[in-house]
Structures are given as C-alpha cells and as structure tokens.
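Student: I keep meeting labels such as "buried" and "salt bridge", and I'd like to know what earns them. Could we go through this one together?

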Amino acid sequence: MSFLDKMKKASKSVVDAGAKQMLKTDIMFLDREIKTRKQAFGIEIYDLMEELETAEGMSTTDKEAKIRACFDAARKDIAVIVAKKDCKKEEMAVLDSTSDSGAASNIPPSSGTVLTNTHPQDAEHEGM
C-alpha cells in the first residue's frame, strides 16, 4: 500500500467519522422535536378539553371526534419525525458497513439515495 493510498484511507475514515457524528446530532435533534411535539399535544388537548367541557350544544360524539382529530394530527406529525429518524439510522448503518468492510459498498438507504464517500475521480481509476 503506497503512502497516497494510506492517506486516502485515513481521510476517508475522518470523513466517515464526521458524517456519523453529524447523523448522531441529527437524531438527537429529531428526538427533541418528538418530545416538543408531544408537549405541544398535551397543551392542545388540555385547552381543547377545557373548551369542550363548557360547550353545551355539542354532543359527546362531536367532542370525541375533536379530541380524536387532535390526537391523529399529533400522531401523524410524530410519525413523520420518526421516519426521518429511521432514515438517519439507516444512513449510519451504511457508514458502519462501508467502514467495517474497508471497501466502498453502495447500500441505498430507504430514501433511495446512494451514499458514497469516494471521489468520482477515484471510481474512474478503479474501473481501469
């Protein structure tokens, strides 16, 4: 292995480590976003129930439908955030698999995007 190859391998591992740390940070922010949305749901549902408690002209079914709509909206928002978090975890798994194998394998995450840390010029040289 030449000096240049060693340098390329070292720089690739630094790039992978940086990308992995960025993904971990993104996951932490998504966890915080989930918690914030759940807290907002609690406030929304409390205000809604307080309002519905004094609503005399509304049937119980209508009140339950309003509560259900509020819950469904929160659940949908949280599901979107969880899907983003799962995608980040898949990207981390791809980085782990490429750094463990030593060779660049292009395993596409759920988004369909192929992640590689190789320079396009390097790919041309490998094909020769």
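Tutor: Sure, starting with one definition: a residue is buried under 20% relative accessible area, exposed over 50%, and partly exposed in between (1.4 Å probe, protein chains only). One caution: this is a predicted model, where local features need pLDDT of at least 70, side-chain atom pairs count only at pLDDT 80 or more, and totals for chains, interfaces and linings use all residues. Residues are numbered from 1 along each chain as its sequence is written, and side-chain values use heavy atoms, with hydrogens and water left out.

Student: Then why is E44 called partly exposed?

Tutor: Its relative accessibility is 35%. Buried needs a value under 20% and exposed one over 50%, so E44 counts as partly exposed.

Student: What makes E44 and R37 a salt bridge?

Tutor: The term asks for a side-chain nitrogen of Lys or Arg within 4 Å of a carboxyl oxygen of Asp or Glu. For E44 and R37 the N to O distance is 3.4 Å, so the pair passes. R37 counts as buried, because its relative accessibility is 13%. Salt bridges that share partners also join R37, E44 and D77 into one network.

Student: How many salt bridges does that rule give?

Tutor: The count comes to eight. Another of them is K12 with D16, where the closest N and O atoms are 3.0 Å apart.

Student: What separates K12 and D16 along the helix?

Tutor: About one helical turn, because they are four residues apart in helix α1. Helices here are DSSP runs (H or I, at least four residues), strands are E runs of at least two, and both are numbered from the N terminus.

Student: Are K12 and D16 buried or exposed?

Tutor: K12 has 18% relative accessibility, so it counts as buried. D16 has 6%, so it is buried too.

Student: And what makes D96 and K20 a salt bridge?

Tutor: The closest N and O atoms of D96 and K20 are 2.5 Å apart, and the rule allows anything within 4 Å. This pair links distant parts of the chain: D96 sits in helix α2 and K20 in helix α1, 76 residues apart. D96 is at 26% relative accessibility, so it is partly exposed. K20 also has a value of 26% and is therefore partly exposed.

Student: Which helices and strands does the chain have?

Tutor: There are three helices and zero strands, and the pattern along the sequence is α-α-α. Helix α1 covers residues 3-54, while helix α2 covers residues 60-101.

Student: Why is the pair of F41 and F71 called edge-to-face?

Tutor: Rings of Phe, Tyr and Trp (its six-membered ring) pair if their centres lie within 6.5 Å; planes under 30 degrees apart are stacked, over 60 edge-to-face, and the rest tilted. The count by this rule is one aromatic pair. The centres of F41 and F71 are 6.0 Å apart and the planes sit at 65°, so the pair is edge-to-face. F41 lies in helix α1 and F71 in helix α2, so the pair ties together parts 30 residues apart in sequence. F71 has 33% relative accessibility, so it is partly exposed.

Student: What kind of contact do D26 and K88 make?

Tutor: Their side chains make a polar contact at 3.3 Å. A polar contact needs N or O atoms within 3.5 Å; within protein, one must be able to donate a hydrogen and the other to accept it, and residues adjacent in sequence count only if both atoms are side-chain atoms. D26 is in helix α1, and its relative accessible area of 22% is why it is called partly exposed.

Student: Why is M28 called exposed?

Tutor: Its relative accessible area is 56%, so it is exposed. M28 is in helix α1, and its C-alpha lies 9.0 Å from that of K85, 57 residues away in sequence.

Student: What about C70 and C87, buried or exposed?

Tutor: C70 has 12% relative accessibility, so it counts as buried. C87 has 17%, so it is buried as well.

Student: How many disulfides are there?

Tutor: Zero. A disulfide would be a pair of cysteine sulfur atoms within 2.5 Å.

Student: How much of the chain is buried?

Tutor: Buried residues make up 17% of the 128 residues.
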